[in-house]
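User: Could you take me through one part of this model closely, the place where the two chains meet? I would also like a short look at what lies behind it on each side.

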Amino acid sequence: MPNGSDPVHDFTTQEYKYGFVTEIDADTIPKGLNEDIIRLISQKKNEPEFMLEWRLKAFRHWRTMTEPRWSNVHYPPIDYQDLHYYSAPKSQTNGPKSLDEVDPELRRTFDKLGIPLEEQKLLAGVAVDAVFDSVSVATTFKEKLSELGIIFCSFSEAVQNHPDLVKKYLGTVVPYTDNFFAALNSAVFSDGSFCYVPKGVRCPMELSTYFRINAAKTGQFERTLLIADEGAYVSYLEGCTAPMRDENQLHAAVVELIALEDAQIKYSTVQNWYPGDKDGKGGIFNFVTKRGACRGARSKISWTQVETGSAITWKYPSCLLLGDDSIGEFYSVALTNNFQQADTGTKMIHVGKNTRSTIVSKGISAGRGQNSYRGLVEIHKEAANARNYTQCDSMLIGEKCGAHTFPFIDVRNTSSQVEHEASTSKIGEDQIFYCQQRGLKAEDAVSMIVNGFCKEVFRELPMEFAVEAQRLLEVSLEGSVG
Amino acid sequence: MLIIRNLHAEAEGKKILQGIDLEVKPGEVHAIMGPNGSGKSTLAQVVAGHDTYDITTGEVLYEGKDLLELSPEERAWEGIFMAFQYPVEIPGVRNTYFLKSALNAIRKARGESELDAMDFLDLAKDKMRLLNMEESLMERAVNEGFSGGEKKRNEILQMAVLDPKLAILDETDSGLDIDALKIVANGVNALRGPNRAIVVVTHYQRLLNYIVPDFVHVLVGGRIVKSGGRELALELEKQGYAGIEKAAAESRL
């Protein structure tokens, strides 16, 4: 019967739309990893002694560790001595005084990515700390934020200008001993974002960072540290796209969030890194450690992520609920298409009394994509009346993909309550046919069904980000069912 | 409006329709009856464009066009609607959003202006009164958690809003209690008119007490073995399909 082309096939073979490489003169240090390289990185960044010491300790610890293999992803061994650990656009080594000083080529890249660095962002009320290959090249709104006492800058600047804050909080949520990739990051991280919101201040705009991996064979090691002091509130957006590339690129970021008493942090991510081509070649390896600590009573940390990119995603944004009545949330959409693999989920560690956590995970697998949810809900003995609600839904598109769930629940007291719901569904031909019979095109039907599936997560995203996420999902999935 | 000639269809190598001839004119209501597995639902789905079936021989003309050349959505744009035997659930997609998108997709394809949310809501509420539907159903996800009766009423609501020229009701009566059956039948009857044709596919005579057909066709083994007026349905109720099948078999000898 002539039903036109096969939309599942079209959808799942859609190629990455944001693939390109920017020609920029980069300042790259030799390949390999040893103490000299770490000293060189620290020296290039003009870091104080405590940073170098910390990096070296992390490196020495890393050498004693082995790469974790417990996750449900498969990839060839990574030669850590065959990577560059530092790359900075050369013209940026002294830092631009204004946007006019930013390399025009770089500006064009941002424009191509649709990142409005200037007026658009001003109108949208978003401050951008743009990270291009490890070095911050532009920061806007800093004055406006500093009037409120909010510090929002690159990690390097924070090390120079606010060393006490860095020293006080760095590695307190994710210590360098935490895991293999966190240790590696701690040793060699090049840059990232830093944010401090002082007591009682509500950050008036969404803070936003765009990451981009560019120079070939450069591991990207971002470090983000975000602190909301007592009663403070901040909403932080992180979004990224990457250029098309043949070689796998390692990315091992660390994000640490700290919420003190009555503070709230909302951290939203839309991730669209190069997933590899439709044969599974290339693509980013994304091994990320993201963790937030609700240190104070009634504090709240909320993670929302939409993961559509990367060849491999290994990522568990987690909440450490230490303060009484603190709240942790995790809302996730993870999409794998072609040969993408994702092993993602969260950890909710309940220590304080009356702590609450919510987990809503939506996994979508298409093509030959493999999608795993891995979650841990741990309720300590002293966490009386703790509550967790977990909802874990998987959607399959096509015949060759897979969805897996690995929930771990560990409850050590009797007053707590844990709920776990899970479902697996398949975008059925019947659903598509039903929509088509009502006049909708197959492709529109697929995106309607997928968006419906992800709705609970999308509504947690800031408005403009939700629209972007929806579009991203459509692009990543175009033509997936028939 | 709809002309089916010598239609043969099979699925996974299994012959289901084996030479259907049928003509439906505007304003007519046809009932297709038959035992389980006779091919009733297949016929409905083939007309709607489900791609599970291979058409091996025959033709289907709709307003003079070769219907088999059109995709399911193109058929919808041309004014064909099928009420599903098992309406499909679409979690997370609100009923209003779904129906508005469908209506506007059809209007757009026809070169008509799209309805805004307010106009659409007025239209939908109007039709819902016809079907005694609670407005809250519109805010729920498409068919998710609907009772059997709610699903069927929702199908008729969609039909009323999309205003098709040819409506096919596939076992719309199955799973309905008598009250729900009456409501659905009233909804369908309200849509009868000189420009619209309705094909009712059903296993039981019961529905035809409320939606009185102009023609009744009995489908057995993928063929229409007998056609007649309304009285044929009543005859069927007395004799059962076995009697008809026997007579049909004898007539072929």
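Analyst: Happy to help; here is the interface, followed by a sheet and some side-chain pairs.

This is a predicted model, in which local features need pLDDT of at least 70 and side-chain atom pairs count only at pLDDT 80 or more, while totals for chains, interfaces and linings use all residues. Residues are numbered from 1 along each chain as its sequence is written, chains are lettered from A and ligands numbered from 1 in the order in which they are written, and side-chain values use heavy atoms, with hydrogens and water left out.

Let's begin with the interface. On chain A, 21 residues are in contact with 40 residues of chain B (contact means heavy atoms within 4.5 Å). The two chains, A and B, bury about 2500 Å² between them, with 63% of it on carbon and sulfur atoms; buried area is the accessible area (1.4 Å probe) that two parts lose on being put together, summed over both.

One salt bridge is counted between chain A and chain B, a term for a side-chain nitrogen of Lys or Arg within 4 Å of a carboxyl oxygen of Asp or Glu. Its partners are Arg438(A) and Glu155(B), whose closest N and O atoms are 2.6 Å apart. On the chain A side, α10 (429-437) and α11 (442-458) each supply at least two of the residues that touch chain B (helices are DSSP runs of H or I, at least four residues, and strands runs of E, at least two, numbered from the N terminus). The largest share, eight residues, comes from α10(A).

Now to the sheet in chain B. Four strands form an open, antiparallel sheet in the order β2-β1-β4-β5; strands pair if DSSP finds at least two bridges between them. Because β2 (14-24) and β5 (65-66) of chain B are at the edges with a single partner strand each, one side of each has no neighbour in the sheet. Strand β1 (residues 2-11) of chain B pairs with β2(B) over eight bridges in the antiparallel sense, and His8(B) stands opposite Gln18(B) in β2(B).

Back in chain A, a side-chain pair links two helices. The whole structure holds 31 salt bridges over all chains, one of them between Arg60(A) and Glu35(A) at 2.8 Å, N to O. Arg60(A) lies in helix α3 of chain A and Glu35(A) in helix α2 (residues 35-44) of chain A, so this pair ties together parts 25 residues apart in sequence.
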